Amino acid sequence: MSTSKYPILDNLEISELMFNSWQKTVNLMAEIFSVPAALVMRVHAKDLEVFVASSNKDNVYQRGVKSPLDIGHYCETVMSTRCELLVPNALKDPKWDKNPHIAFGMISYYGLPLTWPYGEIFGTICILDSKENAYCMQYRQILKHFQESVLYGLETTYQKHHYAKEASLANEKLNIMLQALQQSPSATAITDAELNIIYTNRGFEKLSTHFDDGVSDKVLSNLLKNQISKFTEEDIRRALVVNNYWEGKIQTLDKNDHQHWEHVRISSILDNFGNSSNYLLIRENITKQKMHEDKLRQLALFDQLTGLPNRRLIIHRLNQLIDDAKRNGQKVAVIFLDLDDFKKINDSMGHESGDELIVNAAGRINAILRTSDTLGRFGGDEFIILMGYLDDISSIQQLMVRIKDLFSKGFQIRNRDFLISASMGIAIYPEDGDTPSFLIRSADTAMYYSKKSGRSTYTFHTKSMNLIAEYQVKLEEQLNKALELRELKVFYQPQIDIASGKTVGFEALLRWQNPELGEVSPDEFIPLAEQTDLIVQIGQFVLDQALMQLSIWQKTHDQSLKIAVNFSPRQFYDPSLFTTIQTALAKHKLSTNSLEIEITEGLLMSKNTYVFETLISLRKCGVMVTMDDFGTGYSSLSYLNRYPFNMIKIDRSFIKNITTDMQSRHLVNSIITMTHGIGYKVIAEGVENVDQLNILSRFKCDYGQGYYFGKPSSAEDILLANQKIV
């Protein structure tokens, strides 16, 4: 293969007869144009060679002389541009005044390109003069005639070799094509006009043995044997008559009854009259591809944990049910189901146990649904049930009762029994919406209403719930601006030493007064803040305000006063929390034992390594740690020995009934006795009357907090009401 810049057909030699003709041509050119040099130049390997030179005595160019390409020859430009080139006087042209031909005394040039018939460059035909010469138009026309003569010679030479070689190449290509066809991984067959097989390659024979011991000469019989997809010979023959082509994916069972997929193409081979003389059949085994497609479809449309339809497929099916309901004048129910307190189980037992619970719950629900109903997993512990073809809501109510009943039986996960309930919300088409997104949103709203109503129940969506949903949106919108607009205030509720009656500290409690929403309860906005990083900013604000106020009270009233601040689990996910607390204490010049941190059991169940490390660091430096809402979780007792507490706070739900309920009294007494036994202090919240206080005093509870001692108030109101702290 040639490696030159302008490859030529190296095996094509110019005959002696052709060369002699070209020699006469250049001699005649030199004579007609009265120039010292007329040449035919050609590319040879990496050089430019004088192939034919006029034989006049003043020609300085000799046949066979070569010079490298890319040094600025006139001919190089002609070949690269495939255009004529006229240089009247190189000495006056800055572009050419360094041309190598000047060294030979040649300062003017006119040349034309020479190409092989297939378009590759052969060289040039040109004339050169030692004096300035613009080569008139007549001369240029004459030279072009000489160019055509040389080009004709090139074409004659090429055709002579081309036809001989073409036959050889055609035979070689035919052999290659036959080998390629035989070795092709695609199963290929050629049939006659009646679709009888006349040729098969190895791939076809190998594929056919999966279905029979040999290859049938009837191609359609061979192809459609044991098929599941139910194509008929008539279907295929009809398509071939109409379109000269048929294509399809055939599902069959092989001789071992394994499912098998093929992509089949049959196309007509037309004769010179346009008639189908033969057919080409190509079969491709796409079983693995179909399995991969099915897997991708499974991933795209089904939940990987439960195998249930996911959000995408649920919405698709809901669209279909709505369309059917429109035509039939029926109803569609969308039931949004959420497991109650699932996070506590997930956090305390680990995600593997949580996943097992999700799978078990899904199995129970699916078992009681109608065949026409759809259960899908919407994410986390949320499920969607679709019920179509309804004339009334009676079947919905029956299903709700059955679901409540199946959850009442509890679950056993890894040898532990769990009693978990579900809250459900129901939206009905067309009353509660006419699109999937609207119906799902309405059902979700109704479900949250069930949560607020005590859980383990179901609620049908009502128009008033839309107002609640709109309120939640407004709440989130306003909360995002509350800090910036200084709408959040820190209130303080006194904590009392029960034995002495002395105020020993305060719990910092956040309040929000919004111009548009009025006074918003912490029960409404704190959970909302915890869903985002906003709780971190709010927590830092509360800590700073509480410590600043404590610093004032310690300076003006009592150095021993303490402040209790609630910390969200989200704040403990920040590894720098310990440093943040230390910095805040130093800023307000407070000792570490002035601060008491209140955390809930939910934080401990997260099993985040930062939690334990941060709590240990806080205890070591003197900050007090209290477990809030003690007794309301799943395994509070197990945490008392594992985590470094100073005090536990008995939840108000236990204190509420101690004056009237003997069981509550015994329980509170037991908690206090047990907690004292392991060296912790106890504070009771929700103390509202003297009878409760007297019982707590008798049980030797250390501290009390509640409306009996004082409601949460601003720092100014506390001073105005009491004029003193203690």
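Start by selecting Trp116: this residue is buried, with a relative accessible area of 2% (buried means under 20% relative accessible area, exposed over 50%, partly exposed in between, with a 1.4 Å probe and protein chains only). Add Phe122, which also counts as buried, at 2% relative accessibility. Before going on, note that you're looking at a predicted model, where local features need pLDDT of at least 70, side-chain atom pairs count only at pLDDT 80 or more, and totals for chains, interfaces and linings use all residues. Residues are numbered from 1 along each chain as its sequence is written, and side-chain values use heavy atoms, with hydrogens and water left out.

**Aromatic stops**

A pair of aromatic rings is described by the distance of the centres and the angle of the planes. Here, rings of Phe, Tyr and Trp (its six-membered ring) pair if their centres lie within 6.5 Å; planes under 30 degrees apart count as stacked, over 60 as edge-to-face and the rest as tilted. The whole structure holds 21 aromatic pairs. Trp116 and Phe122 make an edge-to-face one, at 5.6 Å centre to centre and 85° between the planes.

Now jump to Trp512 and Phe525: their ring centres are 5.6 Å apart and their planes are at 85°, so this pair is edge-to-face. Trp512 sits in strand β20 (residues 503–514) and Phe525 in helix α14 (residues 522–530), so the pair ties together parts that are 13 residues apart in sequence. Helices (H or I, at least four residues) and strands (E, at least two) are DSSP runs, numbered from the N terminus. Both Trp512 and Phe525 are buried.

Back at Trp116 and Phe122, widen the selection with Phe19, Trp22 and Phe51: these five residues form one aromatic cluster.

**Charges over rings**

Next, show Arg311 with Phe378: the arginine lies over the ring face, 4.1 Å from the ring centre. Then try Arg364, which lies over the face of Phe411 at 3.8 Å from the ring centre. The criterion is NZ of Lys or CZ of Arg within 6 Å of the ring centre and within 35 degrees of the ring normal.

**Down the axis of α17**

Select residues 577–587, helix α17, and colour its buried residues Leu577, Phe578, Ile581, Ala584 and Leu585. Look down the axis: the buried residues of α17 fall within an arc of 130°, so they line one face of the helix (the arc is that of the directions from the helix axis to the C-beta atoms). On the face turned away from the buried side, you'll find the exposed residues Thr583, Ala586 and Lys587. Just after α17, Lys589 takes a positive phi of about 55°.

**Two more helix stops**

Which residues does Thr675 contact, leaving aside neighbours within four places in sequence? They are Ile648, Tyr680, Lys681 and Val682, with contact meaning heavy atoms within 4.5 Å. Thr675 belongs to helix α22 (residues 662–677) and counts as buried at 0% relative accessibility.

Move on to Ile345 in helix α9 (residues 342–349), buried with a relative accessible area of 2%. Draw a C-alpha to C-alpha distance from Ile345 to Asn175: you should get 72 Å, for 170 residues apart in sequence.

**Zoom out**

Finally, show the whole chain, with its 24 helices and 27 strands. Its radius of gyration is 47 Å, well over the 27 Å that the globule rule gives for 726 residues, so the chain is more spread out than a compact globule. That radius is taken over C-alpha atoms, and the rule is 2.2 Å times the number of residues to the power 0.38. Along the principal axes, the C-alpha trace spans about 135 × 75 × 45 Å.
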